[in-house]
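User: I'm new to this structure and would like a close look at a single part of it. Could you pick out one loop residue, tell me what is unusual about it, and then show me how it fits into the rest?

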Amino acid sequence: MRTDKNYSFIFHQDALKQALPTIKEVQGLKEDASIDLKTPTNDSATKLRHYYGCLLGLAVGDALGTTLEFKQPGTFKPIKDIVGGGPFKLLPGQWTDDTSMALCLAESLIESKGFNPKDQLEKYLKWYEEGYLSSTGKCFDIGNTTISALLEFKETQQPYCSSPNSTPSNGSLMRLAPIPMLYHNAPVEAIEKAKQSSLTTHGAKESIDACRYLAGLIVGAIDGVSKDELLSDHYAPAKDIWEKDPLIDTVDKIASGSFKHKEPPYIRGTGLAVESLEAALWAFYKASSFAEGALLAVNLGDDADTTGAIYGQLAGAFYGVEGIPTEWLNKLCKKDLIESLALEIYKTTFSENNNLN
Ligand SMILES: [Mg+2]
């Protein structure tokens, strides 16, 4: 159940929409369309399309992939649509822990006007214990690394209690989108906050650096950087980032384009941060549309929902919401809530008095 506080939050979103385009307007926006934005430029409208695409793309990839979660590659008929089912027997359009945690993170960033790790963990715990921001009303799946961190936080109230020796899994990568969205205007900060975000639950260096690298790519994608440039050797949205604070070897190989020279079974969408990032980038590299890449990503099987969520946040940021098939968006559970959170992050990022924590 949502609290009164959150009902008022949603009401506030509705008020904001009066000054900003709805998602339908954004989807149908033509280059010369004039929309009553607070900053009435086509550039603003373009950015907003990428913000919507980033968060909705994450959820679409998750909802698409849940059907094939835990299935071994080659043991199933590839899917072409959001059909639900899978290990959690979800309805078409319902999504899993990836999206729930991303929405908790988004809401925390908005309400805290920036990065508040204790608040983030309290929301994650509320999801785990009460099904808050879940697609079914319950938390029905949670990674082992995440649950260890949440239980430790519950006992100690320490926000960064995940060990560097924890499993280098993809639980912080799958929910990352709200971080590069909020800190989009400060790329170095976006990458530092991606690290901090991972540290709340996933302290392994591979998990952290996978988040740092993906955050840089999403910042660039929102800015309209071309795919060739995004996937060029060690793309960074600001100068010398990887020289000053190098990526761990396994992530560094991905940043140098490892996914361009591999195919399955050497590309694997497993629960490891490095492998799932490489798989998502392989799909993004090979495809020429959001849908084509999303299907490549989830049809790898294994941790298909998370490969889909990682792919979806980057590809959604890149293609914009208009690149995501409308029939997939229309199936998406709690689409309006996801849309309103993306809009509010956008508003927070581009507000005149933006003093983010
Ligand atoms: Mg999941």
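Analyst: Let's start with histidine 234, which sits in the loop between α10 (227-230) and α11. This is a predicted model, and the angles and contacts below are computed from it.

What sign does phi take at histidine 234? Phi is positive there, about 55°, although the residue is not a glycine. Most residues other than glycine have a negative phi, so a positive one deserves a second look. Is histidine 234 buried or exposed? Histidine 234 counts as partly exposed because 16 other C-beta atoms lie within 10 Å, and a residue needs 20 or more to be buried.

You can find a similar case further along the chain. Lysine 334, in the loop between α16 (326-331) and α17 (335-350), also has a positive phi, near 55°, without being a glycine. With 18 C-beta neighbours inside 10 Å, lysine 334 is partly exposed too. Glycine 131, just after α5, has a positive phi of about 75°. Another backbone feature is the cis peptide bond between proline 264 and proline 265, with omega about 10°. Proline 265 belongs to the loop between α12 (249-255) and α13 (273-286).

Now let's step from the loop of histidine 234 into the helices. Helix α11 (241-244), at the far end of that loop, is one of the elements that the buried residues of α8 pack against. The others are α4, α7 (178-182) and α9 (205-222). The buried residues of α8 include Pro187, Ala190, Ile191 and Leu199. Helix α8 itself covers residues 187-199; at 1.5 Å a residue its 13 residues should span 18 Å, and its end C-alpha atoms are 19 Å apart, which agrees.

Helix α4 leads us onward. Threonine 99 lies in this helix and is buried, since 32 other C-beta atoms lie within 10 Å. Leaving aside residues up to four places away in sequence, threonine 99 touches Leu58, Ala59, Asp62 and Ala309. Alanine 59 is 40 residues from threonine 99 in sequence, yet their C-alpha atoms are 5.5 Å apart.

Helix α4 (97-111) also helps cover the buried residues of α5, as does α6 (144-156). Those buried residues are Gln120, Leu121, Lys123, Tyr124, Trp127 and Tyr128. They lie on the same side of α5, because they cover an arc of only 160° around the axis.

What about the chain as a whole? There are 17 helices and zero strands, and 52% of the 357 residues count as buried. The largest nonpolar core has 106 residues, of which Leu55, Leu56, Leu214, Ile218 and Leu314 touch the most other members. Helix α3 (residues 42-65) gives the most to this core, with 12 residues. Isoleucine 218 touches Leu314, and its other contacts include Cys54 and Ala177, not counting residues up to four places away in sequence.

Finally, a word on confidence. The mean pLDDT is 90, and 88% of residues reach 70 or more. Residues 1-19 stay under 50, and so do residues 29-40. Where pLDDT is low, the predicted coordinates should not be read in detail.

Technical notes. Residues numbered from 1 in each chain as written. Predicted model: local features only at pLDDT ≥ 70, side-chain atom pairs only at ≥ 80, totals over all residues. pLDDT = per-residue confidence, 0-100. Contact = placed C-beta atoms within 7 Å. Buried ≥ 20, exposed ≤ 12 C-beta atoms within 10 Å, placed from the backbone. Helix = DSSP H or I, 4+ residues; strand = E, 2+ residues; numbered from the N terminus. Arc of directions from axis to C-beta. Core = buried A, V, L, I, M, F, W, Y, C linked by C-beta atoms within 7 Å. Expected span 1.5 Å × (residues − 1).
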